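The following paragraphs are intended to be read alongside the sequence and the coordinates. They begin with a single strand and proceed outward from there.

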Amino acid sequence: QVQLVESGGGLVQAGGSLRLSCAASGSIFSISVMAWYRQAPGNKREQVAAITSGGSTNYADSVKGRFTISRDNAKNTVYLQMNSLKPEDTAVYYCNALVRRPGYRPSEYWGQGTQVTVSS
């Protein structure tokens, strides 16, 4: 099996910064795409940023210029550097990965989520 474990959430004032980490472990052959999603109360889960194994990135318009996604392929870890945080960034942030296990087709996995709260 595969596990995704997130860390780095917390409470921060508006304008502050946080860095989220997500490490994948288990029976992993390769990981093509790693991404961060978020879900605020009453809202749908939305993709915040994504990164391929080759380093190509994509961001939601709401976070462009403020958030940076990166990954360490050797460690199967993805990061989300969040700067200039706003109260509307408050949400549970989830790590997502498209993982290929040996002998299996790629499957999608999710972390347990980490709370990010931005106070005004």
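In this predicted model, strand E11 (residues 114-119) has two faces: Thr114, Val116 and Val118 form the covered one, while Gln115, Thr117 and Ser119 form the uncovered one. Such a pattern reflects a general rule, namely that side chains in a regular strand alternate between the two faces of the sheet.

Strand E11 has pairing partners of both senses. With strand E2 (residues 10-13) the pairing is parallel and extends over four bridges; here Gln13 stands opposite Ser119 of E11. With E9 the pairing is antiparallel and comprises three bridges, and Tyr93 has Thr114 of E11 as its bridge partner.

Two residues of the covered face, Val116 and Val118, lead to Asp89, which contacts both of them. Asp89 lies in the loop that links strand E8 (77-82) to strand E9 (91-100). Its relative accessibility is 0%, and Asp89 is therefore classed as buried. Beyond its neighbours within four places in sequence, Asp89 is also in contact with Arg38, Arg66, Phe67 and Ser84. With Arg38 there is a polar contact between the two side chains, at 2.9 Å.

Phe67, one of these contacts of Asp89, directs attention to a second set of strands, since Phe67 stands opposite Met82 in E8. E7 and E8 pair in the antiparallel sense through six bridges. They belong to an open sheet of four strands, ordered E1-E3-E8-E7 with antiparallel pairing. Strand E1 (2-7) and strand E7 (67-72) are its edges, each pairing on one side only. From one strand to the next, the twist averages 15 degrees.

Technical notes: Residues are numbered from 1 along each chain as its sequence is written. This is a predicted model: local features need pLDDT of at least 70, side-chain atom pairs count only at pLDDT 80 or more; totals for chains, interfaces and linings use all residues. Side-chain values use heavy atoms; hydrogens and water are left out. Buried means under 20% relative accessible area, exposed over 50%, partly exposed in between (1.4 Å probe, protein chains only). A polar contact is a pair of N or O atoms within 3.5 Å; within protein, one must be able to donate a hydrogen and the other to accept it, and residues adjacent in sequence count only if both atoms are side-chain atoms. Contact means heavy atoms within 4.5 Å. Two strands pair if DSSP finds at least two bridges between them. Axes are lines fitted to C-alpha atoms, for helices over the stretch in contact, and angles run from 0 to 180 degrees between N-to-C directions.
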